[in-house]
Structures are given as C-alpha cells and as structure tokens.
Amino acid sequence: MALLQIAEPGLSAAPHQHRLAVGIDLGTTNSLVATVKSGAATVLPDEHGRSLLPSVVRYRDDGRTIVGFDAQAEQSRDPNNTIVSVKRFMGRGLADIQDVGRSPYRFVDAPGMVQLVTRAGHKSPVEVSADILRSLRERAEASLGGELIGAVITVPAYFDDAQRQATKDAARLAGLNVLRLLNEPTAAAIAYGLDNGAEGTYVVYDLGGGTFDVSVLALTRGVFEVLATSGDSSLGGDDFDHRIYCWILEQADLHGLNAHDTRLLLTRAREAKEALTEHADTRITAVLSDGQTIDLQLSQATFHAISKTLIDKTLLPVRKALRDARIGAEDVKGVVMVGGATRMPQVQKAVGDFFGRPPLTNLDPDKVVALGAAIQANVLAGNKGDDEWLLLDVIPLSLGLETMGGLTEKIIPRNSTIPIARAQEFTTFKDGQTALSVHILQGERELVSDCRSLAKFVLRGIPPMVAGAARIRVTFQVDADGLLAVTAREMISGVEASIEVKPSYGLSDDEITRMLSDSIAHVADDINARKLREAIVDADSLLDALDAALASDADLLDEAERATLDAAMQALRDAIAAESTKDINACSHKLNQASEPFAARRMDRNIQRALTGKNIETL
Amino acid sequence: MTADLFSDFQQDHFALFGLPRRFALDGAALDTLWRTAAAQVHPDRFASAGDAEKRVALMAATRVNEAYQTLKSPLARARYLLMLAGVDTAEETNTSMPPAFLMAQIEWREAIEDARHGHDVDALERLSRQLRQDMCAMEDELGAALDERHDHDSAALLVRKLRFLEKLDQEIGDAIEALLF
C-alpha cells in the first residue's frame, strides 16, 4: 500500500500528488472501472486482462462470496444463490418488480425495498451491489497501487431518488467515497464530446442490460448542458434475451421449468442474441435437467419480429425527451449509441430511421460510460486537466407533495437543471391544527397512488391558529447528485422539520457504518488506521484548498479574521502531526466553520468578476 | 462575519446577471451569462474542497439556477417583474376573465378532447404548435404592457391568461404522453 505524503506545516502541499480516483459503471449485466492515467482515460482490466466484470454475485456454501466471471459460470448450477441483474431491484418494492416469476429468486418484501433470500441470509440489493463495487474497488486499488480518494458512480439518468440513494448507499457500503453520482448518458457525452470536439445538439441513446435512457444535450464550448432526459428504468438487453427465451419455450412446448433450466435457457438466449449481431441465423442447443434436448434454429428476421415492440418502446421516451427539449429530430446533429444492447443491428436501424441519419457507433458502447465517469472523477478529485468543462444536468422526474384529495402538487418540474431549490407555502386545514404531514412524491402523474412515494414526515408544534392562518413553507433542495432534501418551516412561529429523503428502507448512516466496519474487520484490516488515513486525506485537501484560496483572495479578510483562520489551520496541522483521528476531525470541522464566510465572499467575488468580464464583452 | 454572506446574491435576479430590469430580454445573452456564472459556483468545482465551500457552492449554484429559470420563462419573468413592482398577480384568487377569452378556452379544450378520444397524436402535436404561437403573441403583448406602457393591471391580466395557456399546453403534453405510453 502506498504511503501518504504529508506536507510539512506551513508549506503548501500543492502541487500535490496525483489523487487516485475512478469512474465506475455499475451496470445491470456488466460493470467496469476506469481511471485517467497520464491524461488518458482507460478501463482497468482484471488480472486476466478482462475489462468487464459481469454483475453477478454468488453466495457459496463455504461462506465465500464470489463476483464476476466465476459467479457467472456457476449461475445455472446454483441459480437461487447466484444473483444476476440486481440493478433491476435497486430501490424497488415487491410490487414494482414486473413478472416476479421470471427470475429464479425468492423475494421477501422488506419495507420499501425487496430482499433476496440466499443461503447467506436475506440480501438487500444494496448489499449485493456493494459486493460488485467492492470487487471493482479492489481491482482498482491493486492496479493503481494505492487507496482511492473517491469514485464517480454512474446511474441511469431515469433513476428516481430511491434508486439513486440505494446506489450511493451501496458505494459507501463498499468503502467508496462517492465524489458524484453521474448520469450514464451524460458520462457518455463527456467521453464522446471531449474526444470529438462536438458542438451542437446531440442525443445519447443508452440501451443497457436492464435500463434505457435517452438524453438530449447541448454541447457548447466546454459546457455539456442536458436539455431533457427520459427513459424506462426497467427496459434493456435482458428483455431481448427474455423474448428469445419465451420463443424457445413456445417452440419446444416447455412448461413449468425449474430454476436451473430457466437460467440455462436464459443464458442460451443471451448467446443467441449476441450471435445474431454478426450472423443471419444461429442454433440454440441445450440439455435440460430431465434429459430433454433442445435444438432450434433462430433467424435474425424472427428475432427482429419478436423484439420489435421492445424497440418501439424505446422510441417513446425519445419522442418525449425531444418534446421536452422543444426540438425536432431534424435539429439533432448526432445520435451517440451507448450500452451493449445497441450493438443489435435492428436497434441501430430503428434509431437511424427515426433520426434520418446513421447513429454514431465509433466508441465502444460497453466502455464509454465508465470512461466518461473516469474523466469526471479525475476533475472532481482535484487533478485538474488542461481542459475545463462544466456539466449541467437535470432531474429526470418531477418532485412534488401530496395535497388534499390524494392529488400531487408538483414543486420541481422534471428536466430542471440541478442543483435547484423551490419553496411553496401551504396552510392548515382545520382550526387549532398543530401538525402537518408532508408526503414527498416523484413522478408525472396527478394521482398520488400513481407516483413513487419517497418519504413522509410530520411537522409538529405548530401553534394553534384558525384554519388557513399558518404559513408553512416547504422547501425542496436537489443537490448535484440529484438527491433530494426537504425542509418544512412554519413561518410565523419558526417551527422547523427537515428530512434528507432516505426512503423508509434506506440504510441509516449508523447501519452503513456498522456494516462497513464489519466487512473491514472481516478482512482483518485495521479500521482505526484506515480512519486515520481517511481523516488525514480529507484534512490535507481542506488545507490545500484554503492555501490556494488565501493565495488569491486574502484581501477579502481583515487582520483579525485572517488571524482566526491561520490559527484554525495551524491547529489542524498540529492535529495531523500528532496523528489523532479525533483531533483531526474536530479541527477540520472547526476550520470548515471558520472558513465559511470567506468561502461565501470568494464565491461572490468570482461570480461578479466572471459576469463583469462577460458584460463588457457582450453588451 | 456571517452578516455579509451572499451580499451580492441577495440582489434581484436581473441585477445578479447584470441585466436591465425589464421584460425584453436577449435569451442568448442570458444563456451565456448563466453558463458563465454556473461555471464559477457549480458544486463540481468544489468536489474536493472543504465542507464550508461545498455548502456555499450548493447555495450559490442553486441561486444562480433559480435566477436563470425565472428569467428564462416569459411567464415567470413577467410574474417576477410584477412582484418586484409590488403587484400581486392573484393567479389563484382572481379567476375573472373576459368572455371571449373563456370561449376560446372552451374551444381549445374541446379540440384537445376530440383529439384525445380519436387517439390522434398528430392532431395534438398540431394543437400544441398552434398554442405555442398564441403564447408567443401574448408574450409580445406582455412586453408592450410592461416595458412600454408600464400598465401593471393589464400585465397582471396577461399573466393570468398566459397561465391558462400554459396549463393547456401541459394538458396537451399529458394527452400526447398518455397516448404514446
């Protein structure tokens, strides 16, 4: 493990060493990890040189957990304990999962999110995803020779708040510091746009293993602005496999297959799909557990016919996104294809026909998302490249509240640029009402029952007033990860309640910390040493940032303020030298508080400076 | 020391971007100013900074986006100008409308209903285009009322009318989606 460099007190640590950061594409079928090495984004392969990690986790009877190709190879032998496509279950309740009978798992309906019954106990999709992410983290740390400072994890643009929160929880559970959740099509646009110097309006068509996203982006000199996004978070390459699987059942007149045979035929279906990308027809053979032999011939034409409705289903969100962006198909300069499923010729043809131009397929559709995430991770970690760019992303689904009569009142409309906050005032319904229930929803439909329920909380302690006299301001704040926090405040009395919208199943911080320490203790690492290293890394980057800020804007502070800040910085340096985790964290916290007004003034100055320059230029 | 937090961000949306306080607006210039401001304060710029800077950046970026979205939308911009002038547009309470306008509304709704029942997405798209033209014309009127005649009463009425049209546009959008999905 690489030793951390600690700058001598008083000396600026900048230019610091290259901070190790990665981009992770946590896919339904396959996952990847990439990083920027000597200025170029590159996917990190495993020790056998393979880039992809199948998103498959097997809980073996010897208590070991295996991930990837080895787990995939054993999936039809042990289907109930080998979890594939777990991404489909992230942040989902039992009622959300279409066709439960289709997968070989036994589900239990835990509050909010399903759990899978395995021999290793009930596993939440968050835990299974964390196993995949942990494997990628270990791959990256072994390959890069050091601990990661952080990771950018990609999510489908159409993921709702519950699915995003679940992904972030999984990353934290895997011991990753999440620099940002990044939308997959946006990540692809970075990789594509920076490579091709693209300008104009582009569409990213991202058909992954289990999710479909479409984003419309305006690319202008270093700005990637998402104009609109849409999709279907349960539609992907898996569904094409399933169409072939159903065709096999029909052709061979099969009924009531066991889990092993189901898994076997799904695997054969996937292989047939891949073969049909290159060939006009393919043979499907399998021997079922009762000895019955399957031997079928599937042609491209038949495959196209049985999968046509799936492709049509992707074109609806495309139309919706174009409509939201208020542009027509003819205004689009290029369509970037992302996701392994876009290799299917019939998908490329349908998209080409829709836009009246052949789609862009010059980037590896499996890797482009991870590469874009790595480029963004590199910048967020503070390894500034030469090129500066800006990502302006949006929320995919409207956010709102339940009002009288089971109706949804939208507070933040879909496709609003994030971060964003919006407040709305409500009042009491009855005389003397002292509490108000706040039910937070996500979705486009009018009825509460048709939207996703994200969280509920109660604002209590409202002073008794006549109906309609209280003024309750509910504020929604969406951060740059697309995650929501809600505050409710009674304006006359000042009573306040707030919630970070963790859906009811969401793991609490304590639970994550406990599970994390369990897993670290399990590999006999020294958790205290790790905590100290993390505290020092954070403290160092705080000191670096302040040194740089003082170098350029020290004039914003008077002498007394400067002295306070210097003292707080020195205290933190002393704590680092003394290697006391507790003191480092306490001093970091104090320094953060002491420097907030300075940060605000600098922010003001920078924005005014930038805009003044602009106004002189343009007006 | 916290008293001067966001001294400049407390300005109104127009002043934040250094734009004159009026309805007429160069949309492309606003876009450029917004991107310039967002580039300074976006949380991505502060991902490896301390918590204080992260918090401040989140607030500042939110503020910049709010200002941009208010100014970008003609309806929101007009409402905001009236609010700055101390005029309440009373969109929830004042529902009185000229009879001719109400008649036109009924006709619009009937046309949308017919297209919806006939599952005619193309007809809905046509209605949407036509409605957006009507909205543009109304926005021109709004500009004249606010910038030239400084007639707050008729501007407030136009805001209420435009709100009606925006709701219609939303209805058409919902109908199209309901037919497509």
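The exercises below, each with a worked solution, concern a predicted model and deal with chains A and B in turn.

**Exercise 1. The contact between the chains**

Determine how many residues each chain gives to the contact, and which element of chain A gives the most.

Solution. Begin with the totals: chain A contributes 42 residues to the contact and chain B contributes 43. Next, look at where the residues of chain A come from; strand 12 (178–183), helix 7 (300–324), strand 19 (390–392), strand 22 (420–426), helix 11 (527–553) and helix 13 (581–618) of chain A each provide at least two residues of the side that touches chain B. Of the elements of chain A, helix 13 gives the most to this side, with 17 residues. Finally, sort the side of chain A that touches chain B by class, which yields 21 nonpolar, 12 polar and nine charged residues.

**Exercise 2. An open sheet in chain A**

Work out the strand order of the open five-stranded sheet of chain A, and state which strands stand at its edges.

Solution. Reading across the sheet, the order in chain A is 18-13-14-15-19, and the pairing is mixed. Strand 18 (334–338) and strand 19 of chain A each have a single partner strand and therefore stand at the edges, with one side of each left without a neighbour in the sheet. On average, and with direction ignored, neighbouring strands of this sheet are turned by 25° against each other. At one edge, strand 15 (residues 223–232) of chain A runs parallel to strand 19 of chain A and is joined to it by three bridges, and Val223(A) stands opposite Leu390(A) of strand 19. As a last step, consider what packs on the sheet: helix 7 of chain A touches strand 13 (200–207), strand 14 (212–220) and strand 15 of chain A, and the direction of this helix makes about 140° with that of strand 15.

**Exercise 3. A hairpin and two backbone features of chain A**

Describe how strand 16 and strand 17 of chain A are paired, and then locate Ser85(A) and Pro419(A).

Solution. Strand 16 (residues 281–287) and strand 17 (residues 293–299) of chain A run antiparallel and are joined by seven bridges; Asp281(A) has Ser299(A), in strand 17, as its bridge partner. Five residues lie between the strands of this hairpin, in which Gly291(A) takes a positive phi near 95°. For the remaining two residues, a general expectation is useful: most residues other than glycine have a negative phi, and most peptide bonds are trans. Ser85(A), in the loop between strand 7 (82–84) and strand 8 (107–108) of chain A, has a positive phi of about 50° although it is not a glycine. Pro419(A) is found in the loop between strand 21 (407–412) and strand 22 of chain A, and the peptide bond that leads to it from Ile418(A) is cis, with omega near 0°.

**Exercise 4. Two helices of chain B**

Decide how helix 4 and helix 7 of chain B are oriented to each other: roughly parallel or roughly antiparallel?

Solution. Helix 4 (residues 74–84) and helix 7 (residues 152–180) of chain B pack at an angle of about 150°, with their axes 10 Å apart. Angles over 145 degrees count as roughly antiparallel, and the two helices of chain B are therefore roughly antiparallel to each other. Their crossing is left-handed. Among the residues that make the contact are Leu75(B) and Leu82(B) of helix 4 and Ala155(B) and Val159(B) of helix 7. By class, this contact has seven nonpolar, one polar and three charged residues.

Terms used
Residues are numbered from 1 along each chain as its sequence is written. Chains are lettered from A and ligands numbered from 1 in the order in which they are written. This is a predicted model: local features need pLDDT of at least 70, side-chain atom pairs count only at pLDDT 80 or more; totals for chains, interfaces and linings use all residues. Axes are lines fitted to C-alpha atoms, for helices over the stretch in contact, and angles run from 0 to 180 degrees between N-to-C directions. Helices (H or I, at least four residues) and strands (E, at least two) are DSSP runs, numbered from the N terminus. Angles under 35 degrees count as roughly parallel, over 145 as roughly antiparallel, 65 to 115 as roughly perpendicular and the rest as oblique. A crossing is left-handed if the near helix is turned anticlockwise from the far one by less than a right angle, and right-handed if clockwise. Two residues are in contact if their C-beta atoms, placed from the backbone, lie within 7 Å. Ala, Val, Leu, Ile, Met, Phe, Trp, Tyr, Cys and Pro count as nonpolar, Asp, Glu, Lys and Arg as charged, and the others, Gly among them, as polar. Two strands pair if DSSP finds at least two bridges between them.
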